[in-house]
Amino acid sequence: MNNIEIKSLKPGMYFESPVYLDKGYVLLTPETPVSEMLIKNLNTWGFTTLFSEGSPIGRETPTQSGPSSNIQTATLDQNIKEKEGLNRARNFFMQMFHFTEKIHTRFKEDSILNLNAMTEEIKKAITMIREDDKYVLRFQEIVPPEGSEYMISHSVKTTILALSIGDRLKMPNHKLIELGIASLLHEVGMLQIPNKIYDKKGALSADEQKVIKAHTLLGFRALREFSLPRDILLGILEHHERNDGSGYPQGLSTARISQFGKIIAVACSYDAQISNRPFRSGRDAHTSLTGMLREMRSHYDEEVMKALLGILSIYPLGSYITLVNGYTGIVTETNDKDFRYPTVKILLDKNRNILKDQPSIKTSEGGEMKIVSVLNNSEIQKIKALIQTQG
């Protein structure tokens, strides 16, 4: 593979072989000439080198309706699709949020559980996840209603993530539906715990911790009256069990924990870590995920964690990152071949200026496409404020 310096490019130049922005991203094909706009964009985006197995084979003057306009149109179409996808994801989340709120309220006040309605809701969620997973899983871009109960948004996000994991593990549809119901109800035991303990801003006392830990057993006992399938009940009972036996309520070790329990444990823990609570701020998604990986042998099932990585990548969807060239971007797509190198939409240049054209690039191990850092939540808020101000 030959290195091609950006400064050597001329409008109208052709190459005898494809030209790559990195190992996996074809920038030019042999029938496509270099354009002035392309050269300008590459300089704006901070790139200095391209790669090709071929050499330049000629030069022509590009037309106004040629490759440069195609690049602009492709970027514009991509941005429109992303905006539409995120809007669908937000609408889906809000619809599921209000549904879950009604389910929890009716169960708490009247001890009524509409299983048929829940089944239909989970079916819709499965379809949405399969069609729009790269938007639905961008949790950091989907904000619950202000002043809403954490337990509701947590139950919804846990359900979405658990269903994504179950689908990745090729569960049959009827089992996915049961997994979704278990996830949606996994915190109902908390409804029997006083709010002053559940929402306490300071550290919990030993007695208060015991009360909180009782929620899995309380939920199991309350839902057992509805003759739910065994897997659903076990998922609710066991989602705080851990591989090394340090979990609760039974102190089960790896082989004795149900599959639903293992899946909900991972989904529940991930969302709990990235979410803001009255007593602490949420951590960024990358830090939360890498922390869970370090605890995998002692806490989480390996197969489930691998599925989570396949879904989110090591840099979860919606994470804000910095490339080696100083540019800032947001992770928009995972990479099935290697979860370390997701696709990133570039937002800001190294001087923190918003890019007019915001290209999506595939990150790589070396060169300018390498991710060097992940922004924390405080830095993300500053970037969002900057984009809003400049925009």
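Guide: A residue is called buried when its relative accessible area is under 20%, and that cut-off will help us to read this structure, which is a predicted model.

Visitor: With that cut-off in hand, how many residues of strand S8 are buried?

Guide: Strand S8 covers residues 328–333, and five of its six residues are buried, so the strand is largely enclosed by the rest of the structure.

Visitor: What holds strands together in a sheet, and in which directions can they pair?

Guide: In general, strands of a sheet pair through backbone hydrogen bonds, and the pairing is either parallel or antiparallel. Here five strands form an open sheet in the order S10-S9-S8-S7-S11, with antiparallel pairing.

Visitor: Which strands stand at the edges of this sheet?

Guide: They are strand S10 (360–362) and strand S11 (371–374); each has a single partner strand, so one side of each is left without a neighbour in the sheet. If we ignore direction, neighbouring strands of this sheet are turned by 45° against each other on average.

Visitor: How many bridges join S8 to strand S9, and how many join S7 to S8?

Guide: S8 is joined to strand S9 (residues 343–348) by five bridges, and Thr328 has Leu348 in S9 as its bridge partner. Between S7 and S8 there are three bridges, and there Tyr320 stands opposite Ile330 in S8. Strand S7 (residues 320–323) also pairs with S11 in the antiparallel sense over three bridges, with Thr322 opposite Ser373 in S11.

Visitor: What kind of connection do S7 and S8 form?

Guide: S7 and S8 form a hairpin that has four residues between the two strands, and in the turn Gly326 has a positive phi of about 90°.

Visitor: Let us turn to the helices: is Ile263 buried or exposed?

Guide: Ile263, which is placed in helix H10 (residues 259–274), counts as buried because its relative accessibility is 0%. Leaving out residues up to four places away in sequence, Ile263 touches Ala162, Ile165, Leu169, Met171, Leu179 and Val304.

Visitor: And where is Ser288 found, and which residues does Ser288 contact?

Guide: Ser288 is found in helix H11 (residues 285–294) and is buried, with a relative accessible area of 0%. Setting aside neighbours within four places in sequence, Ser288 is in contact with Gln273, Ile274 and Arg283.

Visitor: Where does Met13 lie, and is Met13 buried or exposed?

Guide: Met13 lies in the loop between strand S1 (2–5) and strand S2 (14–15), and at 13% relative accessibility Met13 counts as buried.

Note on methods. Residues numbered from 1 in each chain as written. Predicted model: local features only at pLDDT ≥ 70, side-chain atom pairs only at ≥ 80, totals over all residues. Heavy atoms only, no water. Buried < 20%, exposed > 50% of the residue type's maximum accessible area, 1.4 Å probe, protein only. Contact = heavy atoms within 4.5 Å. Pairing = 2+ DSSP bridges. Axes fitted to C-alpha atoms, helices over the stretch in contact; angles between N-to-C directions.
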